[in-house]
Amino acid sequence: MREQSFLITYGCLGTIAATMFGNMLLFYGFNMASERMNKRVRDDAFQSLVRQEVGYFDVHPVAVLTSRMSDDAALLQSFSGEPIRTLVMNIASVAVGLIISFVYMWPFALITLATLPFMAFGAEMEMRMYMGEDEGEEDEDPEHSPGAIVVETLLNIRTVASLNIEPARVKEFDDALAAEDPTPLRTNSVKGCAAGLGQFVQMWGMALMFWWGGWLLLNYPNSFTFRDFLISMFALLYSLSGMAIATQGATNRDKAKLAADRIFELTDRESTIDPLSEEGKKDV
């Protein structure tokens, strides 16, 4: 027993080391390419921004432009490394889990395949509940969003205080919050019900797997053992956890498309008074 415990410990340590090394390679490879692309996009956006005429900054607040340069460029990773990274993690997780489950207890794996979509939904809802979720909505008017109002107010706090317009800015902020989510009670109720439904599906899915595994062990004791049942079940459960982790934090594609449109609109815009242009009259 002592030697077996040492072997299990060594196996766990090896698994931890392999997981850490694999995740380092995975995220380093895909994130490096994404960050390089983001840097080039930011450089182009900043170069286009400094070429704009002064009147452009009267129409577009500086707070909105700086936030757009930092946030919108980061959202473009959803078109580069993120889809491939998520696909690789999902395929690796599900394939390994299914292969191990079929090898050790194939009838149990078959019945579990029928509940796999529902279990995946439950795992996704559980991960969102525990780890949080990006609740940002598509901003039709980012210049009047709550964040832009706060940033603009703090950047011009002396002007706001000198003109005594603090109540007006607070009211504008409250109106922006109400416009962003007019029905917070309904929204949070739906999210709570979704999280509860995820837990419900997971618990009943686990109950079905335990019942089916017990029935197989009772009726086919010479074909399967309790160890085979545990290995088959936990292989599938960990594959579902891998799917939920792979999709957690994924960028909203619709928001990324809007961000790309705003970035390209800025980079493609020609300034009416370009200080860096070499055209026009020159001294002879």
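**Entry 1. Phe6 and the nonpolar surface patch**

I looked up Phe6 in this predicted model and found that Phe6 counts as partly exposed, at 39% relative accessibility. I placed Phe6 in helix H1, which covers residues 2–50. I then asked which residues form a nonpolar patch on the surface with Phe6. They are Leu7, Tyr10, Leu13, Ile16 and Met20, and together with Phe6 they have about 660 Å² of accessible area.

**Entry 2. Overall make-up**

I listed the secondary structure and recorded 11 helices and 0 strands. Read from the N terminus on, the order of elements is α-α-α-α-α-α-α-α-α-α-α. For burial, I noted that 29% of the 284 residues in the protein are buried.

**Entry 3. The largest nonpolar core**

I turned to the largest nonpolar core, which has 14 residues. Within this core, the residues that touch the most other members are Met105, Phe108, Met209, Phe229 and Met233. I checked which helices each supply at least two residues of the core, and found H5 (106–131), H9 (184–219) and H10 (226–247). The largest share, 5 residues, comes from H10.

**Entry 4. Glu53 and Arg269**

I searched the whole structure for salt bridges and obtained 5. In one of them, Glu53 pairs with Arg269, and their closest N and O atoms are 3.1 Å apart. I noted that this pair links distant parts of the chain, the two residues being 216 residues apart. Glu53 lies in the loop between H1 and helix H2 (54–59), whereas Arg269 lies in the segment after H11. Is Glu53 buried or exposed? Glu53 counts as buried because its relative accessibility is 11%, under the 20% limit. Arg269 is partly exposed, with a relative accessible area of 30%.

**Entry 5. Arg169 and Glu152**

I next examined the salt bridge of Arg169 with Glu152, where the closest N and O atoms are 4.0 Å apart. This pair also links distant parts of the chain: Arg169 is in helix H8 (residues 166–180) and Glu152 is in helix H6 (residues 146–155), with their positions 17 residues apart. I recorded Arg169 as buried, at a relative accessible area of 16%. Glu152 counts as partly exposed, at 29% relative accessibility.

**Entry 6. Lys171 and Asp175**

I found a salt bridge between Lys171 and Asp175, with the closest N and O atoms 3.1 Å apart. Why are Lys171 and Asp175 separated by about one helical turn? The reason is that they are 4 residues apart in helix H8. Lys171 is exposed, with a relative accessible area of 52%, while Asp175 counts as partly exposed at 41% relative accessibility. I also traced a network in which salt bridges that share partners join Glu152, Arg169 and Glu172.

**Entry 7. A patch of negative charge**

I returned to the surface and asked which residues gather in a patch of negative charge. They are Asp261, Glu265, Asp268, Glu270, Glu278 and Glu279. I looked up Glu279 separately and found this residue in the segment after helix H11 (253–268). Glu279 is exposed because its relative accessible area is 72%, and the limit for that class is over 50%.

Methods. Residues numbered from 1 in each chain as written. Predicted model: local features only at pLDDT ≥ 70, side-chain atom pairs only at ≥ 80, totals over all residues. Heavy atoms only, no water. Patch = residues over 30% accessible without salt bridge, like charges linked within 9 Å, V, L, I, M, F, W, Y side chains within 5 Å. Areas by Shrake-Rupley, 256 points an atom, 1.4 Å probe, with all protein chains shown as cover. Salt bridge = Lys/Arg side-chain N within 4 Å of Asp/Glu carboxyl O. Lys, Arg positive; Asp, Glu negative; His and termini not counted. Charge placed at Lys NZ, Arg CZ, Asp CG, Glu CD. Buried < 20%, exposed > 50% of the residue type's maximum accessible area, 1.4 Å probe, protein only. Core = buried A, V, L, I, M, F, W, Y, C linked by side-chain atoms within 4.5 Å.
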